[in-house]
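Take a walk through this structure with the model open beside the text. The route goes from strands to helices and ends at an internal space.

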Amino acid sequence: MTEQETGTAADTGAEAGTETETGTETGAGTGTGTAAPAGDRLAQFEEERGRLWAIAYRIMGTVADADDAVQEAWLRWQALPGGQLVDSPRGYLTTVVSRICYDLLGSARARRETYVGPWLPEPLLNGTGGPLPLGGAVPGGPGGPEDRVTLDESVGMALLTVMERLTPAERTSFILHDVFAVPFPEIAEAVGRTPDSVRQLASRARKRVRAEAPRRTVDRAEHRRTVEAFLSAVMGGDFEALLAVLDPEVVWRTDGGGKVSAARRPILGREKVARYVHGLVTRGARQVGLRVALAEVNDATGLVFVDPAGEQSGVFAFTVHDGRITEVDAVVNPEKLGHLDLGRL
């Protein structure tokens, strides 16, 4: 990926603005003149809502925080002075929601440091709880398709987990520039740095993501076949088949948040993971009516299990490479599943 910023549609916008004492933003394509009528302003915001949510979710990793950030952006947008004209609503709103998330992420990281067990992002599902809101990047972004982090990769559980290791400034800069093609001057306003500093932050984050991101297949059909083979082996009690579908160095992480029974440390290695899964299946067999189904988890085939009694449900996301599972991220913390309509499965 080139370190040189490439021109994008976003580059045509004016410089992003600074926050005033009232909490509203100036600049970011704003000017003097007649503001858009209230109805037009609402329509302009709704046109950008999906993209704003997509940015917020990738920065925060939680649905509630993304919802809150978008709502706060709307309140600031709505509160703009009546005579203030916004030349580039997209640029302005991107700066606003990014700054909100950047501020939220600092306090969120402090809370996550005391979290019980592994902290995983909140999962999104296609087909339940509403459509997966992916948003969209600006066309013609930096680098070619082989160099950029694409939208589906950036929303994957594995990559979101890697991005948890970045600083708030690195994560915000990386997501805005590499995923959504926001130019460095606008990112600089969002994180309170200079454009050159933001360029360095994005570069450092990019190198770390490249180094730490797990190996994964880009073949969606291969990914699905591997997850199906895992499910077949588990449901059929075929221990050898289960071993065959797991990578020798597979990592299993479970996020229970101290709310339910869950492994508080990652489980490493094929044999240990297989035995752990066998124990899960044995306990699950005692739950009457337990349902297990394939589902699209953060835009890749995963698994959902639902306990009708409400004792414990969960969402499993998989990373697959060369026909074997290399990582499993299991979210069983009920507080991270409340936004999903699992009863429909």
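Strand β4 (residues 246-255) and strand β9 (residues 324-331) run parallel and are paired over 6 bridges. Find V251; E327 in β9 is its bridge partner. Keep in mind that this is a predicted model.

Now widen the view. The pair belongs to an open sheet of 7 strands, and the order across the sheet is β3-β6-β7-β8-β9-β4-β5. The pairing in this sheet is mixed. Which strands stand at the edges? They are β3 (125-126) and β5 (267-268). Each has a single partner strand, so one side of each is left without a neighbour in the sheet.

A helix packs on this sheet as well. Helix α9 (residues 220-235) touches β4, β6 (291-297), β7 (300-306), β8 (314-321) and β9. The direction of α9 makes about 30° with that of β7.

Next, go to the β3 end of the strand order. Here β3 and β6 pair in the antiparallel sense, with 2 bridges. L125 stands opposite V297 in β6. On to the next pair: β6 and β7 also run antiparallel, joined by 7 bridges. A295 has G302 in β7 as its bridge partner. The two strands form a hairpin with 2 residues between them. Look there for N298, which takes a positive phi near 50°.

Leave the sheet and turn to two helices. Two packed helices are described by the angle between their axes and the distance between the axes. For helix α3 (residues 89-112) and helix α6 (residues 168-179), the angle is about 145° and the axes are 9 Å apart. Their crossing is right-handed. On the α3 side, the contact is made by T94, S98, Y102, L105, G106, R109 and R112. On the α6 side, P168, A169, R171, T172 and L176 take part. What classes of residue make up the contact of α3 with α6? There are 5 nonpolar, 4 polar and 3 charged residues.

One stop remains, inside the protein. How many cavities of 30 Å³ or more does the count give? It comes to 1 cavity. The largest cavity holds about 30 Å³ of space. Its lining includes V116, G117 and P118. Further along the chain, T254, G256, G257, G258, V260, A262, A263 and R264 also line the largest cavity. T254 falls within β4, residues 246-255. By class, the lining has 5 nonpolar, 5 polar and 1 charged residues.

Technical notes: Residues are numbered from 1 along each chain as its sequence is written. This is a predicted model: local features need pLDDT of at least 70, side-chain atom pairs count only at pLDDT 80 or more; totals for chains, interfaces and linings use all residues. Side-chain values use heavy atoms; hydrogens and water are left out. On a 1 Å grid over the protein atoms alone, a cavity is a set of points where a 1.4 Å probe fits but cannot get out, and a pocket is an open set with protein on both sides within 12 Å along at least five of seven lines; lining residues have an atom within 4 Å of a point. Grid points are joined across faces, edges and corners, and a volume is the space filled by probe spheres set on the points. Ala, Val, Leu, Ile, Met, Phe, Trp, Tyr, Cys and Pro count as nonpolar, Asp, Glu, Lys and Arg as charged, and the others, Gly among them, as polar. Axes are lines fitted to C-alpha atoms, for helices over the stretch in contact, and angles run from 0 to 180 degrees between N-to-C directions. Helices (H or I, at least four residues) and strands (E, at least two) are DSSP runs, numbered from the N terminus. A crossing is left-handed if the near helix is turned anticlockwise from the far one by less than a right angle, and right-handed if clockwise. Contact means heavy atoms within 4.5 Å. Two strands pair if DSSP finds at least two bridges between them.
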